[in-house]
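User: I am new to this structure and would like to learn how to read it. Please take me through it one feature at a time.

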Amino acid sequence: MSSVSTLSATEGQERKIPIIKLGTFLLMLPLLLWLFLLIILPHVDLLMVSLREKLGYREYAFSFQNYIEFFTEPLYWNTFVRTAVMSIIATVITLIVGFPISYYIAKVMKGKKRSLLFMMCLIPFWVSELVRTFGWMILLRESGVISSFLQWAGIVDGPVEMLYNDASLMVGLVYTSMLFMVVPLVSVLDTLDDSLIEAGYDLGGNTFNILREIVIPHAMPGIASGCIVVFMLTLGNYLTPTLLGGKDGLWFTEQIYNQFITRFNWESGSAFGFLLLILSSAIVFVGLKLSRQTLADTVK
Amino acid sequence: MKSAKTTLSLKKAILGVTAIVGLAFSAQAQAEELRLLTWGGYAPDAVVEQFKAETGIDVKVTKSNNEEMIAKLRATGGGGFDLAQPSQDRISGAQIENRIYKPMDLSKIDSSQFISSMLEATKANTTVDGEVYGVPHVWGTSGLVLDTKKAGDVKDYADLCNEAHAGKVSYRLKRPTLIGFAFSMGMDPFEAYGDTAKYQEIMDKVEAKLISCKANVKTYWEGGDALLNLVRSGEVVAAMAWDTGGWKLNGDNPDVTFVAPASGALGWIDTFALPRKTENEEAAYKWINFVMRPEIAAQITAEAGNFTASKGADAFAEDKLKAQFQASFPEQDLNNIKWYPTVPAGLETIEGKVLDRVKAASSN
Amino acid sequence: MSTQLDLECRQVVKSFGKFTAVDNVSLEIPQGSFFSILGPSGCGKTTLLRMLAGFIEPTTGDIRIKDKSMLGVPPNKRPANMVFQHLALFPMMNVAENIAYGLKRRKMGQAEIDRKVADVLERVSLPDAGAKRIEQLSGGQRQRIAIARSLVLEPALLLLDEPLGALDLKLREHMKVELKQLQHEVGTTFVYITHDQSEALVMSDNVAVMNEGRFEQVGTPQDLYYNPSTAFVAGFVGDANRWEGRIEALDGAQAMVALDEGGVIATSFAPGTSFAVGENVDLFVRPEAIVIERSKAAQEKARLSGGKNTLSGVVQNLLFDGANSRALVRDQATGHEVMVSLPQTGAFSDLKPGEALVLSWDVEKTRAFKAMKAARQGIAA
Ligand SMILES: Nc1ncnc2c1ncn2[C@@H]1O[C@H](COP(=O)(O)OP(=O)(O)O)[C@@H](O)[C@H]1O
Ligand SMILES: [Mg+2]
């Protein structure tokens with residue numbers, strides 16, 4: 001008896017599901033198409049290209065050669081490690097600089113001043129990345145504004161070069177990434193009830209442990225999503241590292257660009273691109289695990 | 001001016017490779033439009049307007065450089081543009097490899113407007129399977145741009161490594177640098193083009209030289225404008241660069257000029273070539289014949305700073321430019337120009353590895 | 001003064017620009033009492049409480065806890081803890097961690113913390129809730145945890161800002177009793193603010209009625225109810241019928257008042273107040289002070305006889321609420337609607353709208369206060 005009734009119940013459900021699914025499917029169609037045509041398809045193509053080896057003019061064979069090359073040639077591997085480490089450092093610095101700014105915007109500023117400050121974080125993004133980077137070059141170069149000012153003020157005797165090294169690269173990367181850290185942080189801090197902070201003080205907490213035990217745990221999803229975005233953007237940045245980075249400044253995307261464009265070597269370019277995708281995903285995954293966040297949290 | 005802008009973002013490059021879907025949309029070109037893939041300065045607005053007035057054809061200009069031109073055409077199988085202007089040495093390799101060009105119908109070109117020696121040389125260099133793929137347009141050289149007061153001792157590329165100029169020299173990390181250094185070190189890379197092993201050997205020596213020279217370099221320049229800035233501000237006193245850059249700076253500061261290196265300047269010729277899927281071949285030929293007219297060619301020379309393969313255009317060129325040219329190229333230097341021969345496939349891989357290793361090497 | 005005082009406020013003023021939110025408030029709270037501040041929304045209760053907690057500094061005046069001035073002492077250094085209006089439990093911690101938060105700040109050993117947390121959970125009758133997440137608790141349970149989190153620190157003062165406001169009625173009634181009980185057991189001084197007079201009356205030892213930043217009256221709930229000293233208090237604390245009128249004649253502690261709507265009511269004064277003939281007054285009579293009789297002669301005129309006010313009216317509406325049932329009676333002479341309590345004997349359980357009634361009440365049960373615009377607003381609120 002009971003088995004019969006359960007059966008009919010599931011049948012009833014099953015009859016409904018396809019209708020819902022069709023509706024959902026139609027609604028999702030543009031998104032699915034977009035995902036498929038612009039994200040999945042290119043990557044499948046990328047994967048296929050990366051798995052072939054060029055034998056001669058228009059002659060290819062299936063091979064893992066491009067991947068093997070990445071791991072056996074220290075140059076590529078070092079470049080990747082350097083890029084990843086620099087990106088992680090840039091992400092951490094962006095977080096350290098961006099957090100107080102975001103806290104100030106979300107919790108201290110009110111009304112007009114608040115939007116003004118927010119705008120100020122946005123303004124650098126009204127000009128293109130190229131112009132922004134050139135702006136930094138004008139400031140930091142040997143014959144640039146800061147060097148001239150220091151000489152004028154008598155702090156240094158001769159011109160100082162602040163460009164073309166890892167420090168200037170770092171400044172450029174952090175500057176470029178700031179907004180992408182501040183936006184998620186402000187929105188997550190906005191949702192933090194002020195009375196939680198007050199309760200923390202009321203119960204005897206000081207600024208430091210309220211930050212550590214209440215504000216940061218609450219902001220964790222925002223911190224994670226900000227860090228993921230900044231890390232990925234920095235890792236994939238091309239312009240800033242090439243223009244500010246100087247003669248020793250290797251960057252992995254530059255390597256990919258070189259493979260594709262100057263070497264006409266699409267096969268290894270694709271392999272590098274794919275490896276970048278996998279390795280950066282792995283780093284993000286480890287980061288999420290360490291901070292005990294899930295990817296779903298970060299998009300809440 | 002031959003200022004390469006390597007500002008193409010990675011994203012664009014990857015999308016160009018893969019999102020072939022998008023190209024379906026760009027295929028619906030209007031009849032009277034010429035989509036020109038060229039270098040900065042090769043299609044001045046004034047010339048484009050005159051062409052439109054005369055023929056009614058709109059020219060849509062996309063500025064690029066050799067590598068990007070090939071990458072773009074390769075991504076589309078030779079589509080998206082009606083006329084391209086790669087350098088003559090980069091045509092046949094790309095054609096054999098990727099079939100991105102279409103043979104030229106020489107009967108549609110008014111060869112009387114060309115300096116015949118240059119036309120013949122270009123035709124010979126761009127011939128694949130008996131078909132000609134390119135005719136010459138603009139030519140120039142790369143060599144040394146120097147502040148003659150401060151770096152008068154630099155006579156050749158190798159002198160850029162003199163310790164006296166530590167931190168004040170610059171060059172690109174690109175293949176012309178490798179070739180130039182090879183010549184200045186007494187080797188002939190062009191001769192070794194056909195012999196991979198020998199070429200590798202030459203490149204290994206160049207690599208060692210460039211790595212030991214790295215401490216001297218202020219930065220490897222990327223865009224032409226960036227280099228001009230470096231030299232103009234005095235941050236760099238000696239660089240490997242294009243002739244036009246030197247002449248431009250010479251206008252501001254008479255101490256700075258272009259000097260042909262002792263081992264010979266490297267000569268390049270940029271051509272006209274038809275992408276395989278060109279949609280307006282007629283307009284392409286019209287444009288070629290139009291810009292090769294001496295008075296039009298002179299306008300392009302004035303804009304780009306380089307001379308063209310147009311016969312008789314010299315008569316219309318500015319005196320100042322002619323004077324600068326003559327100062328930089330005395331008779332024996334002119335004869336000593338090393339013209340790039342066609343690049344055989346495979347060399348770029350060798351060069352690429354060398355460039356990677358130089359970039360990765362520690363500078364001290 | 002006495003060392004028995006847990007809290008003392010001396011002429012505390014708080015202004016925001018030109019607006020004075022708390023206006024010259026003084027109060028004294030003896031140790032171990034339940035003190036409520038009752039007032040309509042926006043009267044400055046929260047502002048006062050936040051000054052006690054230390055989140056805002058008074059503009060002038062002094063706040064003393066255990067006879068020490070708290071001026072310039074930050075909230076984390078005050079021996080007062082607050083239960084927030086929306087509780088402000090930390091969602092990122094479980095119940096035990098919430099309660100342990102304040103103890104940890106005192107660098108207490110883990111074993112002692114555990115013991116205290118267990119004790120206080122026991123005290124609020126949630127001994128097994130320690131490992132639960134905040135969102136797993138019901139409203140009433142959260143309430144108790146919020147109180148436990150403060151109580152565990154054994155503060156001199158526990159400040160509560162309308163903590164029952166978010167609960168449903170049934171639970172609120174229950175929590176009222178429970179809170180009172182809890183306060184009695186732990187003996188901590190509670191400063192409780194609310195706009196709900198029933199909460200204040202049920203729980204408190206003393207209540208301050210606040211209006212527009214000022215204290216109108218401070219006293220026991222009985223005091224406030226039976227001997228309100230201002231029209232505002234009379235109107236705000238408990239239900240009351242109100243008339244507006246002018247004094248016609250004075251006779252010792254009694255007077256005849258001519259109502260604005262017509263008719264006359266005899267009234268008494270609160271002790272220590274005095275009036276002059278011709279002065280505008282507000283009259284208040286509690287519904288339960290009015291005696292009703294069925295009247296066969298509905299036309300009988302309202303009269304003043306034997307020290308009682310009498311009027312006849314018709315039942316407009318019956319408001320049945322068990323033991324607290326009332327009737328709305330329309331005065332035939334003036335049209336004024338009068339609220340009367342129905343006797344709990346059930347004698348009038350068959351009363352119907354439209355029936356005629358005779359209402360009467362003692363002159364002593366009528367209270368006159370100087371007419372006050374503010375009082376009218378208070379009732380409206
Ligand atoms: N920070 C402030 N700035 C200006 N006005 C305030 C501020 N805080 C409270 N007020 C005003 O003070 C009055 C009392 O507020 P509050 O103490 O919150 O009232 P209650 O808690 O009794 O409802 C209100 O009119 C409110 O608008
Ligand atoms: Mg309030």
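Analyst: Start with a definition. Buried means under 20% relative accessible area, exposed means over 50%, and partly exposed lies in between. Keep in mind that this is a predicted model.

User: Is C:Arg10 buried, partly exposed or exposed?

Analyst: C:Arg10 has 34% relative accessibility, so it counts as partly exposed. Its salt-bridge partner is C:Glu8, at 2.9 Å from N to O. C:Glu8 has 8% relative accessibility and therefore counts as buried.

User: What is the general idea behind such a pair?

Analyst: Side chains of opposite charge can pair when their charged atoms come close. The rule finds 52 salt bridges over all chains.

User: Which other pair in chain C should I look at?

Analyst: Take C:Glu355 and C:Arg294. Their side chains meet in a salt bridge of 2.6 Å, N to O. This pair links distant parts of the chain, 61 residues apart. C:Glu355 sits in the loop between strand S19 (337-341) and strand S20 (356-362) of chain C. C:Arg294 belongs to strand S15 (residues 291-294) of chain C. With a relative accessible area of 33%, C:Arg294 is partly exposed.

User: Can salt bridges join up? Which residues form one network?

Analyst: They can, by sharing partners. One network holds A:Arg141, A:Glu142, A:Glu161, B:Lys168, B:Lys218 and B:Glu235. Within it, the side chains of A:Arg141 and B:Glu235 meet at 2.8 Å, N to O.

User: How many salt bridges does the rule find across the interface of chain A and chain B?

Analyst: It finds 6. There are also 13 residue pairs in polar contact across this interface, with both residues at pLDDT 80 or more. Several elements of chain A each give two or more residues to the side that touches chain B, among them helix H1 (2-50), strand S1 (52-56) and helix H12 (266-290). The largest share, 10 residues, comes from H11(A). By kind, the residues of this side divide into 18 nonpolar, 9 polar and 14 charged.

User: How do I judge the extent of the interface between chain A and chain B?

Analyst: Look at contacts and at buried area. Here 41 residues of chain A are in contact with 47 residues of chain B. The two chains bury about 4100 Å² between them. Of that area, 58% is on carbon and sulfur atoms.

User: What is the pLDDT of chain B like?

Analyst: Look at the mean, then at the weak stretches. Chain B has a mean pLDDT of 87, and 91% of its residues reach 70 or more. Over residues 1-30 of chain B, however, the pLDDT is below 50. That stretch still has 63 contacts in the model beyond near neighbours in sequence.

User: Which salt bridge within chain B can I try reading?

Analyst: Try B:Asp58 and B:Lys52, which meet at 3.4 Å, N to O. B:Asp58 has a relative accessible area of 36%, so it is partly exposed. B:Lys52 is partly exposed too, with a relative accessible area of 36%.

User: Now a single residue. Is A:Thr240 buried or exposed?

Analyst: A:Thr240 counts as buried because its relative accessibility is 1%. It lies in helix H10 of chain A. A polar contact of 3.2 Å joins its side chain to that of A:Glu129.

User: Which residues does A:Thr240 touch, leaving out those up to four places away in sequence?

Analyst: A:Thr240 touches A:Glu129, A:Thr133, A:Leu169, A:Gly172, A:Leu173, A:Thr176 and A:Gly245.

Definitions and conventions. Residues are numbered from 1 along each chain as its sequence is written. Chains are lettered from A and ligands numbered from 1 in the order in which they are written. Side-chain values use heavy atoms; hydrogens and water are left out. pLDDT is the predictor's confidence in each residue, from 0 to 100. Contact means heavy atoms within 4.5 Å. Buried area is the accessible area (1.4 Å probe) that two parts lose on being put together, summed over both. A salt bridge is a side-chain nitrogen of Lys or Arg within 4 Å of a carboxyl oxygen of Asp or Glu. A polar contact is a pair of N or O atoms within 3.5 Å; within protein, one must be able to donate a hydrogen and the other to accept it, and residues adjacent in sequence count only if both atoms are side-chain atoms. Helices (H or I, at least four residues) and strands (E, at least two) are DSSP runs, numbered from the N terminus. Ala, Val, Leu, Ile, Met, Phe, Trp, Tyr, Cys and Pro count as nonpolar, Asp, Glu, Lys and Arg as charged, and the others, Gly among them, as polar. Buried means under 20% relative accessible area, exposed over 50%, partly exposed in between (1.4 Å probe, protein chains only).
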